[in-house]
Amino acid sequence: MEKNLDIWAIQNIPTELDLAINNIKPDSKYNILYCNCACNFTVGNTFLTSKSFDTMFYSEDSDMIILLQKEGVATSTDLKEKLASRGINYISFDLEKLEDTSSQENIDKEIWFIRDKDTLLEALHDSKSKGIDITTYYPNVQSGIQIGYIDSNYELIELDGRCMQGVLDLEDKMILLIPSKEKYGIKEEDVYYILGKTPMKTVVNISNEVESLNKKAIK
């Protein structure tokens, strides 16, 4: 699965699941639901163990992926019920459930995966509506997320994933930018253009690590 599908990561806001499902085409045929996924998620050199996603709904027809955070506000059962109520068909795979060894701390800051300028503008306006008007932009921070399962050799076999370049760190959210691939992607000049259009006060940090992660704002 190498398509650069749009990622909807459901974490702390229950209504976002309905918004995501509303973007699934009713007649889509190639829908796959994976439950009990393994997740490897890094920002810079920091593993975000408390932002693990264990459910993935993959819809190539609808150009989207829905991820549910482990111990988040929405469960795979919620997703299945909402899909059934809308008559959306899918193939389901229940992967082998792993022993839970990750931190289960309550993290309020949302992670947004963004691949286009319009969604970036929407994310920044969302923050501004909450009275947040400053961000730190890290153009050099590389991030990655792998969703899959653990094989008999205890290695993660990736079903889908993303490599990201650049982070916008705000009080309410951390925006991870997906670089250009196919017809979607964010370039560094796009970021500066959108920040000026918002407008948003911006501190540019050329470090390879996000300072708030080192301060354990997200663990």
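**Close-up views of the sheet, a surface patch and salt bridges**

**View 1. The open sheet and its edge strands.** In this predicted model, five strands make up an open sheet of mixed pairing, ordered β1-β6-β5-β2-β7. Strands (E, at least two residues) and helices (H or I, at least four residues) are DSSP runs numbered from the N terminus, and two strands pair if DSSP finds at least two bridges between them. Because β1 (6–10) and β7 (91–94) each have a single partner strand, they stand at the edges, with one side of each left without a neighbour in the sheet. From one strand to the next, the twist averages 15 degrees, taken between N-to-C directions of lines fitted to C-alpha atoms, on a scale from 0 to 180 degrees. β1 runs parallel to β6 (residues 64–69), and five bridges join the two; Asp-6 has Met-64 as its bridge partner in β6.

Residues are numbered from 1 along each chain as its sequence is written, and side-chain values use heavy atoms, without hydrogens or water. As the model is predicted, local features need pLDDT of at least 70 and side-chain atom pairs count only at pLDDT 80 or more, whereas totals for chains, interfaces and linings use all residues.

**View 2. A nonpolar surface patch.** Tyr-192, Val-204 and Ile-206 make a nonpolar patch of about 300 Å² on the surface. Patch residues have over 30% relative accessible area and no salt bridge; nonpolar side chains (Val, Leu, Ile, Met, Phe, Trp, Tyr) are joined within 5 Å, like charges within 9 Å. Tyr-192 belongs to helix α4 (residues 188–197) and, at 37% relative accessibility, is partly exposed. Buried means under 20% relative accessible area, exposed over 50%, and partly exposed in between (1.4 Å probe, protein chains only).

**View 3. A salt bridge between helices α1 and α2.** Eleven salt bridges occur in the structure, each defined by a Lys or Arg side-chain nitrogen within 4 Å of a carboxyl oxygen of Asp or Glu. One of them joins Asp-18 and Lys-82 at 3.1 Å, N to O. This pair links distant parts of the chain, 64 residues apart: Asp-18 lies in helix α1 (residues 15–21) and Lys-82 in helix α2 (residues 76–85).

**View 4. A salt bridge with buried partners.** In the salt bridge of Asp-169 with Lys-109, the closest N and O atoms are 3.0 Å apart. Asp-169 lies in strand β10 (residues 156–169) and Lys-109 in the loop between β7 and β8 (110–114). Asp-169 is buried at a relative accessible area of 10%, and Lys-109 is buried at 12%.

Key. Accessible areas come from the Shrake-Rupley method with a 1.4 Å probe; for residues, only the protein chains shown count as cover.
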